[in-house]
Amino acid sequence: IHDNLDDMSLAGKSRVYRAKVESVLGRLVGGYDLVFSDPPYRLDVWDELMGAVGERGFVNEGGVVVLEYRFGTEVSETYGVLKQDMNRRYGDTAIAVYRT
């Protein structure tokens, strides 16, 4: 991830967290334009995770959240200020895109 960010000249404009989402979420201050969320498929705190991401101020106005999850897992159409814009299935994987 870091190499790709360097290649795209985004290293100074991005942050990568390698930690359990439950342990890092409360320390994140927000103000993000783009959030990629690819937690373990067995994660069972989707509403808590996406509810926190959907709080006002976490994702900037006009921001995008890309959520990867196991197909069949129920995810909401909205989480706070986030509204689902797209949802696609790729085998046992699903991708949902939310926008503020």
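This passage describes the sheet, the helix lying across it and the largest pocket of a predicted model.

The strands of the model form an open sheet of five members, arranged in the order β1-β2-β5-β4-β3, and the pairing within this sheet is mixed. Strands β1 (32-37) and β3 (78-79) occupy the edges; each has a single partner strand, and therefore one side of each is left without a neighbour in the sheet. Strands of a sheet pair through backbone hydrogen bonds, and this pairing may be either parallel or antiparallel. Both arrangements are found here, as the individual pairs show.

Strand β1 runs parallel to β2 (residues 59-70), and five bridges join the two. Within this pair, Val35 stands opposite Val65 in β2. On its other pairing, β2 is joined to β5 by seven bridges, and these two strands run antiparallel. Here Val64 of β2 is placed opposite Arg99 in β5. In a regular strand, side chains alternate between the two faces of the sheet.

Strand β5 (93-99) is also joined to β4 (82-90), again in an antiparallel manner and through seven bridges. One of the bridged positions is Gln84, whose partner in β5 is Tyr98. The strands β4 and β5 form a hairpin in which two residues lie between them. Gly91, located in the turn, has a positive phi of about 65 degrees. Six of the seven residues of β5 are buried, that is, under 20% relative accessible area, and so this strand is largely enclosed by the rest of the structure.

Helix α3 (residues 46-53) lies across β1, β2, β3, β4 and β5. Relative to β2, the helix runs at about 165 degrees.

Attention now turns to the empty space in the model. Rolling a probe the size of a water molecule over the atoms shows where such space is left. The largest pocket has a volume of about 1,300 Å³. A total of 36 residues line this pocket, and those nearest its centre are Arg15, Val16, Tyr17, Val35 and Phe36. The elements that contribute two or more residues to the lining are α1 (2-7), α2 (21-24), β1, α3 and β2. Among these elements, the edge strand β1 provides the largest share of the lining, with six residues. Val35, which stands opposite Val65 in the sheet, is thus named again among the residues nearest the pocket centre. By residue type, the lining of the largest pocket divides into 24 nonpolar, four polar and eight charged residues.

Technical notes:
Residues numbered from 1 in each chain as written. Predicted model: local features only at pLDDT ≥ 70, side-chain atom pairs only at ≥ 80, totals over all residues. Heavy atoms only, no water. Pairing = 2+ DSSP bridges. Helix = DSSP H or I, 4+ residues; strand = E, 2+ residues; numbered from the N terminus. Contact = heavy atoms within 4.5 Å. Axes fitted to C-alpha atoms, helices over the stretch in contact; angles between N-to-C directions. Buried < 20%, exposed > 50% of the residue type's maximum accessible area, 1.4 Å probe, protein only. 1 Å grid on protein atoms, 1.4 Å probe; cavity = no way out; pocket = protein on both sides within 12 Å on 5 of 7 lines; lining within 4 Å. Points joined across faces, edges and corners; volume = space filled by probe spheres on them. Nonpolar A, V, L, I, M, F, W, Y, C, P; charged D, E, K, R; others polar.
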